[in-house]
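Let's take a friendly walk through this structure, from its nonpolar interior to one histidine and an annotated domain. Please have the 3D view ready.

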Amino acid sequence: MFKRSVTFLTKNDSDLSDQVATFGRQHEFADMIWYPSQNRVVYRIDDRVSSNVSGNGLWDHPGFRATPSLALIALRLTEELQEATGDITGKCIGGKLTTDILINTAYGLTNNGLLFTGYPVIGYQNRLQASGGCLTGLIDAKITACRWDPRVNGLFFHQTTISIALSKAKDFIQDIQKLASIAAQSLCGLDIYNGILMRYVTGSNAYIGEQEDSLEFDITYYRSKDPKTPRLFEDVLEEIEQMAVFKYGGLPHWGKNRNVAFEGAIKEYKNAGEFLKVKEKYDPLGLFSSEWTDQVLGLRGGLTIVKEGCALEGLCVCSEDIHCAPEKGYLCRPGKVFQDARVCTLVQVSNQSSSKAEL
C-alpha cells in the first residue's frame, strides 16, 4: 500500500520525439497519450509519494465505465455513417470533442472519489491503478454495458499494439508526424478511441521479454463488421503498422494485434531458441499450445492468409490490388513515408481519361 500523485499535462507535440527518451525516467508511472491529428500530447506525471500525504483520489476512466447501451449504439451508428459517406470532417469534430471532454474531466480522476477539484490527484495505488468500474456496474438487463460488450451493437475495432526500442522511438514518432502532415485528417479517427497511448516497458532478460528498454504504442481504431469494407484512410494506419514491424523491428503485444504484426516477430527475440527448448522440456505434449501459439512462435505457417480483401483485416500485406478492395477504389500501393510498405490506398479513377490519381 502506497500513494501516488498524478497530474495530466497537455502540451504541443512538436518536441515529443525528443521528450520520449527522458520523460519515462523522470517519473515512476509515466506514460503519454498522443493525438497526432491535433498536434497535442498529454503527459502523465505520476510518482510515488509518502502515505502521510493527504488525499483519497480515485481513477474511474470514462472508457471503462458501464455506459448506457443506447449511447454505445448511437456512437457506432454515427461512425458507420461517417465511414460510409466519407465524412472525415465529422470524425475530426467528434474526435476533438471527445479529447476535449477527457482532458477537461481529467480522464475520470477525482480527488475524493466524487469530484475533480484540481491537480495533483493523490490517492492510494489500488484506487489509481485500477482505472475503471465497468465490471462492478449494475446487472440491469443490458440497459448499461461495457463498451466492448458484444451483446450490444456498440464499438467494434482493431488494435495495433507494438513496442519500439527506445533508441528507435524518436524516428518512429517523426515518421508518424510526417504521415499526419501529408494527410492532415488521416488520424482523426484515432481520437475517438483516445489517440495513441504510449507506455514505457523496461528491458528484460526473459527469453521472449522486451529485448531492451522500449516504448509501447497502443493504437485502437474503427473496424467494419464487413471484412471486405475498407476504412477511411485505410492506408495510413496500415503504413504505421508496417513501419513499426518491418522498419523499426517492433515487438507485438501478444494479445493485441492483427496477423501481420506477428509475421517474423519471433526472429526479433535473440533467445527465442532457448525459450522453445524450455517449452519442449516442460510441455512436450503441447498441452499449453494451440495452432495460433505455434504460428506466432514460428513452429508452423499460417499467419499470412492470402485471399481477396485479406489486407483489410490485417491477414496479409497486399501485393495485388485484389488483396484490397479494387471495386471500391482501394488499390495496393507503396507507403507515403515508408516506401517499402504495401498498403490499400484509395485511388480515384477518371471516367474520361481512366487516369489514376492517388489521394
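## Around Ile240

In this predicted model, Ile240 touches Phe172, Ile176, Leu179, Leu187 and Ile219, not counting neighbours within four places in sequence. Ile240 is also one of the residues with the most contacts inside the largest nonpolar core, along with Leu16, Met32, Phe172 and Met198.

## The cores

That core holds 36 residues. Several elements give it two or more residues: helices H1 (16–26), H5 (166–182) and H7 (234–247), together with strands S2 (31–35), S3 (40–49), S9 (157–165), S10 (196–201) and S11 (214–222). Which element supplies the largest share? H5 does, with seven residues.

Apart from this core lies another, made of 13 residues, including Val6, Phe8, Val121 and Leu128. As background, nonpolar side chains tend to be buried together in soluble globular proteins.

## His61 in its loop

Now turn to His61, found in the loop that runs between strand S4 (58–59) and strand S5 (67–68). Is His61 buried or exposed? His61 counts as buried because its relative accessibility is 10%, and the cut-off for buried is under 20%.

The His61 side chain reaches the backbone nitrogen of Gly63 at 2.9 Å. Beyond its neighbours within four places in sequence, His61 is in contact with Leu102, Tyr107, Gly108, Ser131, Gly132 and Asn194.

## The annotated domain

An unreviewed UniProt entry assigns residues 157–295 the annotation "domain: D-arabinono-1,4-lactone oxidase C-terminal". Over residues 157–295, the chain is 37% helix and 19% strand, with the end C-alpha atoms 23 Å apart.

Definitions and conventions
Residues numbered from 1 in each chain as written. Predicted model: local features only at pLDDT ≥ 70, side-chain atom pairs only at ≥ 80, totals over all residues. Heavy atoms only, no water. UniProt positions renumbered as here; feature names shortened; annotations may be inferred. Helix = DSSP H or I, 4+ residues; strand = E, 2+ residues; numbered from the N terminus. Buried < 20%, exposed > 50% of the residue type's maximum accessible area, 1.4 Å probe, protein only. Polar contact = N/O pair within 3.5 Å; in protein donor to acceptor, adjacent residues only side chain to side chain. Contact = heavy atoms within 4.5 Å. Core = buried A, V, L, I, M, F, W, Y, C linked by side-chain atoms within 4.5 Å.
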